[in-house]
Amino acid sequence: LQEVTEIKNFRTCQTLGIQTGRVSPTIAACLSFVYFFLVDETFNPAKVFAAMTIFQSLRTSLIMLPMIWTTVLNIRLGISRIDSYLKLPEQPQRNILHKY
């Protein structure tokens, strides 16, 4: 039951991370447009389209970043489980007789 709860929490964090990665380019673009508007009085279409192009080029990287982080965590978890298994003490060999 504890393992299932941990898996559920992990999957929840994984899903939130992926969704954050998908939303972050849009939020970053909107915030930068608000910043441009508040700071620079000459808010023109050239700046808007240049910024949109930059954010579109960064979009894939921002989406992939949480997924890469999740993959690294999965790899670390797998390695730690293998390591703990390999560090277990040797079990005595059992002689098993089969009746045929």
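This report describes two helices, the residues packed between them, and a few single residues of a predicted model.

Residues are numbered from 1 along each chain as its sequence is written, and side-chain values use heavy atoms, with hydrogens and water left out. Because the model is predicted, local features need pLDDT of at least 70 and side-chain atom pairs count only at pLDDT 80 or more, while totals for chains, interfaces and linings use all residues.

**The two helices**

Helices are DSSP runs of H or I with at least four residues, numbered from the N terminus. Helix H1 covers 2-39 and helix H2 covers 45-86. The expected span of a helix is 1.5 Å times one less than its number of residues. For H1, with 38 residues, this gives 56 Å, and the end C-alpha atoms are 52 Å apart, which agrees. For H2, with 42 residues, the expected span is 62 Å, and its end C-alpha atoms are 62 Å apart, which also agrees.

Both helices have a bend, meaning the angle between axes fitted to the seven residues ending at a residue and the seven starting there. In H1 a kink of about 35° lies at Val-23, shortly before the proline Pro-25. In H2 the bend is about 40°, at Leu-58.

**Buried residues and the core**

Buried means under 20% relative accessible area, exposed means over 50%, and partly exposed lies in between (1.4 Å probe, protein chains only). In H1 the buried residues are Gln-14, Ile-18, Gly-21, Pro-25, Ala-29, Ser-32 and Phe-33. They pack against H2. In H2 the buried residues are Val-48, Ala-51, Phe-55, Ile-63, Pro-66 and Thr-70, and what covers them includes H1. An α-helix has 3.6 residues a turn, so residues three or four places apart point the same way.

A nonpolar core is a set of buried Ala, Val, Leu, Ile, Met, Phe, Trp, Tyr and Cys residues joined through side-chain atoms within 4.5 Å. The largest one has 5 residues: Ala-29, Phe-33, Val-48, Ala-51 and Phe-55. H1 and H2 each supply at least two of these residues, and the largest share, 3 residues, comes from H2. Contact means heavy atoms within 4.5 Å. Leaving aside neighbours within four places in sequence, Phe-55 is in contact with Pro-25, Ala-28, Ala-29 and Ser-32.

**Single residues**

The table lists the accessibility of five residues.

| Residue | Relative accessible area | Class |
|---|---|---|
| Thr-70 | 8% | buried |
| Gln-14 | 15% | buried |
| Cys-30 | 45% | partly exposed |
| Cys-13 | 54% | exposed |
| Gln-93 | 75% | exposed |

Gln-14 is in H1. Its side chain joins that of Arg-11 by a polar contact of 2.6 Å. A polar contact is a pair of N or O atoms within 3.5 Å; within protein, one must be able to donate a hydrogen and the other to accept it, and residues adjacent in sequence count only if both atoms are side-chain atoms.

Thr-70 is in H2. Not counting residues up to four places away in sequence, Thr-70 touches Phe-10 and Gln-14. Thr-70 and Ser-80 are 10 residues apart in sequence, and their C-alpha atoms are 15 Å apart.

Gln-93 is in the segment after H2. Its C-alpha atom is separated by 76 Å from that of Ala-46, 47 residues away along the chain.

A disulfide is a pair of cysteine sulfur atoms within 2.5 Å. A search of the whole structure finds 0 disulfides.
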